[in-house]
Amino acid sequence: MQRIENITAATMSDDAGYGLIQDAVVIINDGKVEFVGPAYDAPATPTADVVDGNGGLLTPGLIDCHTHLVWAGSRANEFAQRLHGISYQEIAEQGGGIKSTVKATREASEEELLALALERAETLMSQGVTTLEVKSGYGLDLENERKQLKVARQLSEKLPVQVKTTLLAAHAVPPEYKDNADGYVDDIVSSILPTLAQEGLVDAVDAFCESIGFNIEQTRRVFEKAKALGLPVKLHAEQITNQQGAKLAAEYQALSADHLEQLDEDSVKAMAENGTVAVLLPGAFYFLRDTQKPPIELLRKYKVPMAVATDANPGSSPIHNLPLMLQMAATFFHLTPEECLRGVTVNAAKALGENSRGVIAEGNYADLALWKCQDAAELTYQTGVNPLQTLWFSGVAHDRVSKPWSAR
Ligand SMILES: O=C(O)CC[C@@H]1NC(=O)NC1=O
Ligand SMILES: [Fe+3]
């Protein structure tokens with residue numbers, strides 16, 4: 001049993017704010033939160049190990065609900081080419097873009113991919129992340145999609161972080177199905193998805209519904225198969241154009257629709273009516289120098305929960321920094337600091353279908369982060385410094401400075 005005291009707790013337990021409790025106590029027992037409340041209400045715990053929070057801020061562990069963390073190769077050269085004025089089109093024709101990451105990922109061994117993904121996961125954990133979502137989508141065939149998802153599963157075997165896997169086979173059309181997207185979707189729904197679901201590698205199913213990705217009919221086919229297998233869905237939707245993907249996602253009670261720069265009011269209403277979370281990805285907006293912001297006012301008007309994530313991937317968001325996303329969500333999308341922190345805790349948990357994380361509440365997993373700051377707004381306000389002191393994964397404490405975790 002542990003007793004954390006001398007803290008301000010941002011429990012995220014209320015409807016819109018931080019759920020602050022000044023001079024709070026949190027009691028952890030058997031990996032779960034047994035008590036959270038003001039010190040004057042806390043039961044005596046004579047045998048507990050006491051943790052003095054030194055007046056710091058305790059939040060739920062952060063949740064990065066949208067990453068493509070398993071990949072090999074680099075697109076730094078393309079980044080440079082674009083800045084030298086070479087167009088996306090020319091780069092794609094030279095075999096660049098997602099295709100080049102697919103080639104490198106297919107050529108990499110499971111061990112090589114695991115080593116790369118472990119480093120990225122440890123970076124995010126060092127910033128306060130206790131739960132990660134990890135997508136496939138650079139394999140694009142049964143063998144390599146399986147390889148990516150097995151690596152994702154191994155992350156939570158080797159590190160204390162919790163991992164939710166998402167099959168994103170419908171990310172791009174692989175070379176062997178060039179100009180035959182429907183043929184590739186046949187392969188996804190008849191082989192890749194059911195086989196990997198059967199192997200226990202898939203927690204959710206995603207697709208890239210876009211003019212340069214998969215159309216509504218193709219996306220619907222993937223969703224129909226996921227539904228038949230009893231798997232929840234989520235969707236990359238309305239990033240570049242409006243394909244009515246978010247409305248389709250809502251129709252399937254998707255956990256989330258992600259990106260959403262081109263989202264319309266009708267689709268927002270459909271998301272609100274079906275409990276679909278809006279996952280905002282300011283890193284891709286920033287890195288692609290996008291100018292169209294998601295309709296935050298409409299999401300607020302219809303009370304659609306807003307999550308915030310890194311979208312860590314080598315093409316559109318090579319950014320492994322979830323706290324930076326808080327600052328970007330505030331400065332680019334004008335989210336309030338409360339909305340930003342809710343976006344990487346309670347709402348990110350909802351985007352993953354996680355009901356026992358993202359809020360400091362009795363009976364929830366003791367995934368907690370202790371920060372050397374008093375005002376919760378500091379977590380959104382500043383970047384480049386790391387106020388994280390201690391991270392608890394299901395009640396097991398890791399002091400970031402003196403006792404870092406590592407898989408190796
Ligand atoms: O360029 C890449 O490697 C991924 C791009 C990324 N994938 C997606 O569905 N949307 C994106 O921005
Ligand atoms: Fe993405």
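Which side chains does a polar contact of 3.0 Å join? In this predicted model, the contact links the side chain of Thr131 with that of Gln162. Thr131 belongs to strand β6, which spans residues 129–135. Its relative accessible area is 0%, and Thr131 is therefore classed as buried, the limit for that class being under 20%. Apart from neighbours within four places in sequence, the residues in contact with Thr131 are Leu62, Ile63, Asp64, Val161, Gln162, Leu352, Arg357 and Asp367. Gln162 thus appears in this list of contacts and also as the partner in the polar contact.

Asp64, one of the residues in contact with Thr131, also takes part in a polar contact with Thr310, side chain to side chain, at 2.7 Å. Thr310 is located in the loop that runs between β12 (306–308) and α12. With a relative accessibility of 0%, Thr310 is counted as buried. When residues up to four places away in sequence are set aside, Thr310 touches Asp64, His66, Thr67, Leu124, Ser317, Ile319, Asn321, Leu322 and Met325.

Arg357, likewise among the contacts of Thr131, has its charged end over the ring of Tyr365, 3.8 Å from the ring centre. Lys32 also lies over the face of Tyr365, and here the distance to the ring centre is 4.9 Å.

Aromatic pairs were searched for across the whole structure, and seven were found. In one of them, Phe285 and Phe332, the ring centres are 5.4 Å apart and the planes meet at 55 degrees; the pair is classed as tilted because this angle falls between the limits of 30 and 60 degrees. Distant parts of the chain are linked by this pair, as Phe285 lies in helix α10 (residues 282–287) and Phe332 in the loop between α12 (322–331) and α13 (337–343), 47 residues apart. Phe285 has a relative accessible area of 5% and is buried. Phe332, at 26% relative accessibility, counts as partly exposed.

Phe332 forms a further tilted aromatic pair with Tyr286, with 6.1 Å from centre to centre and 35 degrees between the planes. Tyr286 is in helix α10 and Phe332 in the loop between α12 and α13, so this pair ties together parts that lie 46 residues apart in sequence. Tyr286 has a relative accessibility of 44% and is counted as partly exposed. One aromatic cluster is made up of Phe285, Tyr286, Phe332 and Phe333.

Ligand 1 is surrounded by Arg75, Ile98, Tyr138, His171, Phe208, His236, Gln239, His259, Asn313, Gly315 and Ser316. For His171, a polar side-chain atom is found 2.8 Å from a nitrogen atom of the ligand. In the side chain of Gln239, an N or O atom lies 3.1 Å from an oxygen atom of ligand 1. In the side chain of Ser316, an N or O atom is 2.8 Å from an oxygen atom of ligand 1. On its own, ligand 1 has 320 Å² of accessible area, of which the protein covers 93%.

Key:
Residues numbered from 1 in each chain as written. Chains lettered and ligands numbered in written order. Predicted model: local features only at pLDDT ≥ 70, side-chain atom pairs only at ≥ 80, totals over all residues. Heavy atoms only, no water. Phe/Tyr/Trp six-rings, centres within 6.5 Å; stacked < 30°, edge-to-face > 60°. Helix = DSSP H or I, 4+ residues; strand = E, 2+ residues; numbered from the N terminus. Buried < 20%, exposed > 50% of the residue type's maximum accessible area, 1.4 Å probe, protein only. Lys NZ or Arg CZ within 6 Å of the ring centre and 35° of its normal. Near = heavy atom within 4 Å. Polar contact = N/O pair within 3.5 Å; in protein donor to acceptor, adjacent residues only side chain to side chain. Areas by Shrake-Rupley, 256 points an atom, 1.4 Å probe, with all protein chains shown as cover. Contact = heavy atoms within 4.5 Å.
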